[in-house]
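I opened this notebook to record what I looked up in the structure. The entries follow in the order of my queries.

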Amino acid sequence: MGVSFFALIIFCYFSGFPLIIPLLVFFFGVHLFYFKRAEPRLFLHLSLLWVLLFFAANALKPYSHFVHYCLPVASVPMLTMLLFNDVQIAFMMSLMSALIAGIVLGFSLNEMLIFFLGSLAGMYKVKDGRTRGLLIEAGIFVSIIQVVCGVLINPVVNKDILMHILKPLALNGLICAMVVIATCKIFETLFGEITNFTLLELSDSSHPLMKRMVVEAPGSYHHSLIVSNLAEAAAEAIGAYSLLVRVGAYYHDIGKMVNPTYFTENQMITGNKHDELEPSMSRLVIFNHVKEGIDLAHKYHLNQRIIDFIPEHHGTSVMHFFYQKALAESGAEKLDERDFRYPGPKPQSKETAIVLLADSVEGATRSLDEHSPKRIEDVVHKVINNKFIDGQLDECNLTLREINTIADVFVRVLSAMYHGRIKYPSES
């Protein structure tokens with residue numbers, strides 16, 4: 001950050017731009033690093049958006065005030081909200097963008113406030129947006145807010161104010177929407193982030209990986225659907241990124257497509273192939289579905305945030321069935337439990353931790369002979385407690401209150417899923 005800061009000062013000095021801009025950027029970086037605990041790459045990504053706005057403002061500088069008012073300031077915080085899904089950062093980007101545009105173009109405080117409030121309107125409107133049509137609505141909303149602010153600042157509206165202030169402010173919101181629509185996918189790819197639009201595309205059952213899974217590993221596909229329903233409900237209950245959780249759960253077991261019949265949910269006809277294998281060989285086959293899943297994800301160019309669900313949904317858990325089988329065959333003195341642990345890493349976020357718990361709970365519940373609400377509740381709490389004691393939740397930021405909420409949601413959803421049905425009388 002220090003090198004970037006001094007480079008920006010030198011650039012502004014020799015380019016004749018105000019030196020207060022590097023100071024603004026510096027204090028924003030301080031906030032990100034010391035209060036948000038953000039990674040340096042986030043600062044670099046946000047800085048790129050400022051630089052583009054900076055040069056766009058400078059390019060419009062020789063033109064009339066009408067053109068200055070058309071600068072798409074609100075597009076920066078709108079993109080920030082879509083890409084990083086963080087209200088606080090988007091709020092600060094709204095302020096920074098309005099200040100940078102105002103300093104470069106010589107706006108007054110009133111004019112900077114217009115763009116600041118328009119930016120706030122745009123960023124709040126696109127929050128949690130799942131349709132591209134919402135971006136057009138956000139642009140219209142930005143236009144309305146900016147025009148209202150223009151009228152409040154200039155209560156006596158004459159022809160000059162209408163043509164040179166209110167008209168460009170009305171166009172500005174639509175220009176912002178067009179800029180966001182045109183560049184969102186570009187920045188998403190460039191920054192390695194993922195938006196709700198891409199997540200919805202990945203959730204489509206016509207995605208090539210989903211179509212393959214339905215055919216090649218139908219049991220695993222059905223398991224993934226159940227896990228996604230459980231995990232999404234839990235994520236919504238604690239305020240986590242529920243859409244990311246749902247899509248991550250869809251893809252968390254794609255590695256099972258390589259050898260589907262070695263997994264219980266796909267063994268309806270073939271029988272259990274592990275009966276013919278040594279526990280050490282079974283361990284390797286099960287381990288490999290994580291590596292093969294990551295390879296498939298890279299082959300189909302999935303975003304890293306989706307790929308993270310593949311290894312982290314197991315963490316470093318023990319494969320208890322094969323570990324116990326190996327114990328029975330060779331004895332504890334010849335066996336190291338670490339050999340039967342998944343390679344990890346442990347879940348690094350609330351979202352991957354939720355899928356880990358949902359995956360474990362779904363499997364344990366499915367194996368029950370009796371699916372009464374009390375039995376389901378006991379199993380859910382036992383599984384979650386075991387994961388907690390085993391340290392699988394140590395590296396994510398789930399609180400005890402959130403873990404209890406997740407358990408309650410799992411019990412409610414699974415009890416509804418395995419609800420009883422009345423027995424219909426047979427036809428005579």
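Which residues does Ile354 touch, not counting residues up to four places away in sequence? I found Ala231, Ala234, Ala235, Ile238, Ala240, Val245, Ile406 and Phe410, contact being heavy atoms within 4.5 Å.

I noted that this is a predicted model, in which local features need pLDDT of at least 70, side-chain atom pairs count only at pLDDT 80 or more, and totals for chains, interfaces and linings use all residues. Residues are numbered from 1 along each chain as its sequence is written, and side-chain values use heavy atoms, with hydrogens and water left out.

I next looked up the largest nonpolar core (buried Ala, Val, Leu, Ile, Met, Phe, Trp, Tyr and Cys residues joined through side-chain atoms within 4.5 Å; buried means under 20% relative accessible area, exposed over 50%, partly exposed in between, with a 1.4 Å probe and protein chains only). This core has 69 residues, and Ile354 is one of those that touch the most other members, as are Tyr251 and Phe410. Helix H12 (residues 218-238) supplies its largest share, 9 residues. A second, separate core of 55 residues includes Leu71, Ala90, Phe107 and Leu166.

I then turned to helix H8 (residues 133-153), where Gln146 lies; helices are DSSP runs (H or I, at least four residues), numbered from the N terminus. Gln146 counts as buried because its relative accessibility is 0%. Its side chain makes a polar contact of 3.3 Å with that of Asn172; I took such a contact as a pair of N or O atoms within 3.5 Å, where, within protein, one must be able to donate a hydrogen and the other to accept it, and residues adjacent in sequence count only if both atoms are side-chain atoms.

Ile144 is also in helix H8, and I recorded it as partly exposed, at 46%.

Technical notes. Helices (H or I, at least four residues) and strands (E, at least two) are DSSP runs, numbered from the N terminus.
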